[in-house]
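Reader: Please take a close look at the side-chain pairing here, beginning with opposite charges. I would like one connected account, with cut-offs.

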Amino acid sequence: MHDRDRIIAALGADDWPAELHARALNAATVSLAVYGNRVRDQGTPYIEHPLAVVAILRCELGVTDPETLILGLLHDALEVSAGSEPELAPYLNRFLIAELRAMTPDHRLEDRPRRATDEVAWRAKVRGLSVGGLLIRFADRIHNLRDLRHSPDVSRHRPFIASLVDFYLPLAKEAQTESPQLKAAYELLLKECDHYRSSGMALAHSPIPLPWIPPAVPGDASACECSGN
């Protein structure tokens with residue numbers, strides 16, 4: 001059962017100042033309304049994915065910024081429900097709404113089928129994200145990669161790994177010098193990609209040659225203990 005108390009605990013918002021705590025409560029309310037009874041193709045409640053992204057941000061990447069954690073919770077809100085922006089507006093400031101739009105593919109915002117040109121536009125959009133936005137996108141990739149084996153749609157595996165190898169990993173490598181958290185994200189992406197490759201899933205479902213990946217060096221962020229996970 002998911003409720004606001006569990007979400008607040010996942011965000012680590014109990015100790016936030018009053019204004020930020022109120023914002024976290026609003027975000028929790030919105031997340032329950034938007035993700036609602038939606039289910040991922042793995043058969044799990046959709047809200048478990050953004051909560052996992054928040055846990056990765058806090059516990060594995062060492063993110064403490066409240067706005068980044070709130071955005072992590074809501075990062076898929078406009079993607080799963082393009083018409084939810086009016087619902088979000090009363091609860092979130094304009095900065096957060098703009099960041100959510102920046103993290104959402106255009107075809108989702110426009111509620112239309114994906115076009116051949118959308119991938120190029122999406123990659124340009126991701127490259128223009130703030131440090132916080134990049135951390136959320138990398139945390140999203142990390143959780144989706146961990147969860148990929150549970151997806152019954154094996155046709156998703158090949159394009160997912162292809163985009164990881166030819167876009168997200170190089171981008172994470174390039175961005176790692178911008179902050180310790182981005183460095184931790186790059187190392188964790190390497191580790192998860194190597195784990196996927198060695199698990200046999202790559203051979204079974206995604207026959208894409210993966211590059212050699214050096215062992216990741218664990219960072220201090222992985223030692224974080226989070227409540228609500």
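Author: Arg108 and Glu79 meet through their side chains in a salt bridge, 3.6 Å from N to O. The term covers a side-chain nitrogen of Lys or Arg within 4 Å of a carboxyl oxygen of Asp or Glu. The model is predicted, so local features need pLDDT of at least 70 and side-chain atom pairs count only at pLDDT 80 or more, while totals for chains, interfaces and linings use all residues. Residues are numbered from 1 along each chain as its sequence is written, and side-chain values use heavy atoms, with hydrogens and water left out.

The pair of Arg108 and Glu79 links distant parts of the chain, 29 residues apart: Arg108 is in helix H8 (residues 106-109) and Glu79 in helix H5 (residues 77-80). Helices here are DSSP runs of H or I with at least four residues, numbered from the N terminus. Arg108 has a relative accessible area of 38% and is partly exposed; Glu79, at 24%, is partly exposed as well. On this scale buried means under 20% relative accessible area, exposed means over 50%, and partly exposed lies in between (1.4 Å probe, protein chains only).

The count of salt bridges comes to 17. Another of them joins Glu110 and Arg112, at 2.5 Å from N to O. Glu110 is partly exposed at 47%, whereas Arg112 counts as buried at 17%.

Arg123 and Asp166 also form a salt bridge, their closest N and O atoms being 2.9 Å apart. This pair again links distant parts of the chain, with Arg123 in helix H9 (residues 118-127) and Asp166 in helix H11 (residues 157-175), 43 residues apart. Both ends are partly exposed: Arg123 has a relative accessible area of 22%, and Asp166 has 45%. Arg123 and Asp166 belong to a network of salt bridges that includes Arg114 and Glu119.

Charges also meet rings. The charged end of Arg141 sits over the ring of Tyr168, 4.8 Å from its centre; the rule asks for NZ of Lys or CZ of Arg within 6 Å of the ring centre and within 35 degrees of the ring normal. Arg40 lies over the face of Tyr46, at 5.8 Å from the ring centre.

Both of those tyrosines bring in the aromatic pairs. The structure holds two such pairs. Rings of Phe, Tyr and Trp (its six-membered ring) pair if their centres lie within 6.5 Å, and planes under 30 degrees apart count as stacked, over 60 as edge-to-face and the rest as tilted. Tyr35 and Tyr46 have ring centres 5.6 Å apart and planes at 15°, so they are stacked. Tyr35 lies in helix H2 (residues 18-35) and Tyr46 in the loop between H2 and helix H3 (48-60), so the pair ties together parts eleven residues apart in sequence. Tyr35 is buried at 0% relative accessibility, and Tyr46 is buried at 12%. The pair of Phe167 and Tyr168 is edge-to-face, 4.9 Å from centre to centre with 70° between the planes. Phe167 is buried at 4%, and Tyr168 is buried at 4%.

Tyr35 leads back to H2. This helix has 18 residues and reaches 25 Å from its first C-alpha to its last, close to the 26 Å expected at 1.5 Å a residue; the expected span is 1.5 Å times one less than the number of residues. Its buried residues are Arg23, Ala24, Ala27, Ala28, Val30, Ser31, Val34 and Tyr35. They pack against several helices, among them helix H1 (4-11), H3, helix H4 (66-74) and H5. After H2 comes Gly36, whose phi is positive, near 40°.

Leu74 is in contact (heavy atoms within 4.5 Å) with Ala27, Val30, Ser31, Tyr35, Leu92 and Leu100, leaving aside its neighbours within four places in sequence. Leu74 is also among the residues with the most contacts inside the largest nonpolar core, which has 66 residues. Such a core is a set of buried Ala, Val, Leu, Ile, Met, Phe, Trp, Tyr and Cys residues joined through side-chain atoms within 4.5 Å. H11 gives the most to this core, with ten residues.

Finally, Arg141 falls within helix H10 (residues 131-147), whose end C-alpha atoms are 24 Å apart, in agreement with the 24 Å that its 17 residues should span. Of those 17 residues 15 are buried, so H10 is largely enclosed by the rest of the structure.

Notes. Helices (H or I, at least four residues) and strands (E, at least two) are DSSP runs, numbered from the N terminus.
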